[in-house]
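Please work through the following exercises with the sequence and the three-dimensional structure at hand. Each task is followed by a solution in steps.

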Amino acid sequence: MNTLTLNTPSRLLPLLGAALLSACAAVGPDYERPATPLPAQYSAATPAADAVPAVSSTWWTLFGDATLNGLVEAARRNNTDLQAAVARVEQAEALLREADALRWPSLGLSGGASRQRTSDLSAAGNGGTFNTFQLVATTGFEIDFWGRLRRASEAARAQALASDYAREVVWQTVGGMVARSYFGLRTLDEQMALSQQTLASREESLRLQRLRLQGGAAGRLEVEQAEAEHAEAALQLRELQRQRALIHSQLALLTGQPELELAAGAVRALPVPPTPPVGLPSALLERRPDVRQAEALLAAANAQIGVARAAMYPNISLTGAFGGQSAELSDLLKSGARIWSLGLGLDLPIFDAGRRRAQVAWAQARQREALAAYQGAVQAAFRDVGDALTNLEAARAAQVEVERAAQSSEQALRLAQQRYEAGYSAYLELLDAQRSANAAALRLLDNRRAQLEATVDLFKALGGGWKTAEPAVRESPGS
């Protein structure tokens, strides 16, 4: 009896191995990356590719501003949206570990002790009091003939990838918002400095006009015009201060630093990073985290079809127990107290009124939805890059005109000042020249900001930058 007890499980091991080896064909479609009908490259008119260095994934450092670098790093540490995205990644990774664990046998240990008395008046007529001690190791294992567990693990793995890419999407969004807000802040700093100079000039002009009125060299009209221009300059400065306060508050929120204080700076001190090369390959879009996230979700939906189809086939499981049972605790581990069991379970669906077929249809429809979302993400990414290239090229081209307009307006203001002081023109002509010069100077700063923001948009659209060489092909999420 003891020999049978020891050898019977070992005799079943080859059968169990054969069953496991047979569980190799997973039902459901294998993932294949769908084709995306997009042009091979962008045709934006840009400088020669061999003159453009590769762009780092830490694109914000290319602006050469230590304050910006510190703000971005603070956002990486403290931004609550990013912290929530990291927590979602950890949740997905935990679900993946749970799905992988289901593919392995479970092992448990149970024990018990009881004392009981049976009736003397029972049919057996052998009443008495006795003890029972028991210690049993149990195991259970689902034989994955149809690949249900493998497909579920594949889906969980793709979901974990999607969560990680979603975190990258949040990070790219937060980093881009920090950079754009910082450029806006620096633009407003220079515009405020310019407006303060304008206001000081208007105050001096108002003072002179009042003196001229007292001396009879000017009329009341010139004084009122000077008053109006002074008030407009004060209002302009106040509005710029309001805008700066709002952007500063936004930066404090993005970086998780309510006590943030930033001194004034100059937007023109920031360099514009290099222009992307000619014929930027559209394959770079594969690096975008939102495109990768959409593809990972597509791979997960594809694997769920296999999970649903496997549910239509028999579920086969093995169970086992091995231990000891005795009336005395000291005998529990003796060979005579040994107990064991092996079991084979079969769960065969026969009739469910079409419930499982409906689940397969749902999974297939969900996969088609994910496919449309992936294709839409790729197309949107292509459009984002095209829009960013267009805006960047327009801002660069406009730089020549706005610089020329600013220089001409300054020259016109000097000439108008000379003509007015010489008595050859009215005060109104000088006011028009001052307005034009002020507006041209503000436009020059706005265009500089537009160039920087378009560069940030291009970095984000490309998932962090571009490379002069063709990127390596990434392994698909379903492999």
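The exercises below treat the sheet, a pair of helices, the aromatic rings and the length of helices.

The model is a predicted one, in which local features need pLDDT of at least 70 and side-chain atom pairs count only at pLDDT 80 or more, while totals for chains, interfaces and linings use all residues. Residues are numbered from 1 along each chain as its sequence is written, and side-chain values use heavy atoms, with hydrogens and water left out.

**Exercise 1. The sheet**

Task: Determine in what order the strands of the open sheet lie, and which strands stand at the edges.

Solution:
- Step 1. Strands (E, at least two residues) and helices (H or I, at least four residues) are DSSP runs, numbered from the N terminus. Two strands pair if DSSP finds at least two bridges between them.
- Step 2. β1 and β2 are joined by 13 bridges; one opposite pair is Thr118 and Gly128 of β2.
- Step 3. Strand β2 (residues 128-143) is joined to strand β3 (residues 315-326) by 11 bridges. Gly140 faces Thr319 of β3, Glu142 faces Ser317 of β3, and Thr139 has Gly320 of β3 as its bridge partner.
- Step 4. Between β3 and β4 there are 10 bridges, and Ile316 is partnered by Leu346 of β4.
- Step 5. The order is therefore β1-β2-β3-β4, with antiparallel pairing, and because β1 (106-118) and β4 (338-347) each have a single partner strand, they stand at the edges with one side lacking a neighbour in the sheet.
- Step 6. From one strand to the next, the twist averages 20°.

**Exercise 2. Two packed helices**

Task: Describe how α2 and α4 pack, and state which residues make the contact.

Solution:
- Step 1. Axes are lines fitted to C-alpha atoms, for helices over the stretch in contact, and angles run from 0 to 180 degrees between N-to-C directions.
- Step 2. The axes of helix α2 (residues 66-78) and helix α4 (residues 148-215) are 10 Å apart and form an angle of about 145°.
- Step 3. Contact means heavy atoms within 4.5 Å. On α2 the contact residues are Thr67, Leu68, Leu71, Val72, Ala75 and Arg76, and on α4 they are Trp171, Val174, Val178, Ala179, Tyr182, Phe183 and Arg186.

**Exercise 3. Aromatic rings**

Task: State how many aromatic pairs there are, and which residues form one cluster.

Solution:
- Step 1. Rings of Phe, Tyr and Trp (its six-membered ring) pair if their centres lie within 6.5 Å.
- Step 2. This rule gives 9 aromatic pairs.
- Step 3. One aromatic cluster consists of Trp59, Trp60, Phe63, Trp171, Tyr182, Phe183 and Phe459.

**Exercise 4. Helix length**

Task: Compare the span of α8 and of α5 with the expected span.

Solution:
- Step 1. The expected span is 1.5 Å times one less than the number of residues.
- Step 2. Helix α8 (residues 427-461) has 35 residues and should span 51 Å; its end C-alpha atoms are 51 Å apart, which agrees. Gly463, with a positive phi near 75°, follows α8.
- Step 3. Helix α5 (residues 220-254), with 35 residues, reaches 52 Å from its first C-alpha to its last, close to the expected 51 Å. Just after α5, Gly256 has a positive phi of about 65°.

Notes:
Phe/Tyr/Trp six-rings, centres within 6.5 Å; stacked < 30°, edge-to-face > 60°.
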